[in-house]
Every structure is written in structure tokens, then in C-alpha cells.
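Here is my notebook on the charged pairs I looked up, with one histidine stop at the end. Have the structure open and follow along.

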Amino acid sequence: MTAGTPKAQVDTSKPHPARVYDWLLGGKDNYEVDRQVGERLPAESRDGARQNRAFMHRAAAWLAGKGVHQFLDIGTGIPTEPNLHQIVQRSLPTARVVYADNDPIVLRHAEALLVSTPEGSTAYIEADVRKPQDILRYARATLDFDRPIALSLIALMHFVPDDQGPYDIVSSLVDVLPSGSYLVLSHAASDLVPELSDKVVAEYAKGGIRLGFRTHSGVGRFFDGLDMVEPGLVTAPAWFKDTDAPTEEMSGIYAGVARIP
């Protein structure tokens, strides 16, 4: 199922974060303008994309193991297996997952590839996180907002600079979720490897994409008022649960999960 206000056709004259991310992950669903941005980025950017995906896999599997049946994944990106619904429906076939992204090419792939188990449900919303009320309105068609929901914001909010109200956006999403819900978030850091983050910001800017990388405390603000899950806000490779083990791999990505009290 898809929902949302119809958007224009894919604009191949400008790079898009979802398509650059696809290139970083080794995907084929990108254009020359996207590849030009990706090729100028430090090699470590590929590591960051991979670390983000791995964190999402671990967090989603852990939440499904905790019995969370509903997920709202904003900034989905071009489908790359295993996708979030595939991970959670392995243990919870009845799980419901709503994906949201603002790139029409993501919608095209989502319609073909983000297919639920017969017992569960997946839906796709073509919408921008900067309009959270649109996302929430359409998500209610699939998700029960009286039961816990995991809100997934993977490598998304650093594409929302401070002058676009990132903290207000996340608060407006979190505030409508019932007690027992979770926020899952990863975010590029400005203070872990500053020289690399400065280069990434500059190269994206050349493609017309503004970034808002943040410090540990800046990323931590997204979790204000929530109960952080151990090990807290750490680098993406260091976030682990259950049988997973942390690694010493260098990372420019912060990641964390918190429960809504």
C-alpha cells in the first residue's frame, strides 16, 4: 500500500541523499549526479553507510525480540535486503511496518520489494520528514497508535540542519507515540573525526545538499525525556544487544535506542 501526496517525477539533474546512500552501499539505483557526490566523499563514508545498516539490523531484531509489533521507518532509502520488515517478520510474522521517504524512485522500488508476510502488513508513504503530520496521518491507516511503535530514524536527521527545526520534528513524532514505544536513531557525528565530517559536509554542499552533523550532546538532545537503552548513545559499531558483540571499528556515526516512558 502506498500513500501520500503525489510528487514530481524523479529529478535526475540533482543528487538525492537516498540515491547517494544507495551508491555508498554498492547499489545500482542511482544516477551520475549521485555518483559524482559519492565519489568525492572520503572512503570512510562507505563504512558509515554499512555501519548504519548493521545497526538498524541489530536494533530491529532486538525490538522484535522484545515483542514490538509495529515500526515506522522514516527515511527508508532504496530497498536493500534484508529490509526492516524482513528482519522483524522473521520472528513476528504479524508485524506491521510503515516506510516513508521523499524520493519517487524509492516509492517505485518500495512498491515492488517491500512486501509483507501474509500475516503482517507493510505500507509506504511518499512524504518528507519535515512534514511529520503528513506522515503520522497516513501511518494511522496501518499502525495502531494505542499500541507501542518503534520509530526508526536511521541516518536521516543530519540531513535536517538546525534552521529547519530537527528537534521539533522528532519531538512531534515521539510525542504521539504511546508509552512503551521506542526511538531508534543513528546520526553522523561532527566531533568523532572532525576532519572527515568537514569534508563530507563540504562535498554534499557542492551537490546542493545541506547537512547538519552534530556532537554527542547534540545527538543526545533527540532522546531528551526518554529512557536510553544500554549501552546508551555510542558509535554505531558499539551498539549491541543479546548475543552481538561490540567492535573497535572506527566510526563517525552515533547510534542509540530509547524507550518512551
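I began with a group: Arg40, Lys199, Glu203 and Lys206 are linked in a network of salt bridges. For a salt bridge I required a side-chain nitrogen of Lys or Arg within 4 Å of a carboxyl oxygen of Asp or Glu. This is a predicted model, where local features need pLDDT of at least 70 and side-chain atom pairs pLDDT 80 or more, while totals for chains, interfaces and linings use all residues. Residues are numbered from 1 along each chain as its sequence is written, and side-chain values use heavy atoms, leaving out hydrogens and water.

Next I looked at helix α8 (helices are DSSP runs of H or I, at least four residues, and strands of E, at least two, numbered from the N terminus). Lys199 and Glu203 sit there four residues apart, about one turn of the helix, and their side chains meet at 3.4 Å, N to O. Glu203 also pairs with Lys206, with 3.2 Å between the closest N and O atoms.

Then I checked exposure: buried means under 20% relative accessible area, exposed over 50%, partly exposed in between (1.4 Å probe, protein chains only). Glu203 is buried at 6%, Lys199 partly exposed at 38% and Lys206 exposed at 59%.

I moved on to Arg210, which forms a salt bridge with Asp163 at 2.9 Å. Arg210 lies in the loop between α8 and α9 and Asp163 in the loop between β5 and α7, so the pair ties together parts 47 residues apart in sequence.

Last, I found His158 in the loop between β5 and α7, buried at 7%.
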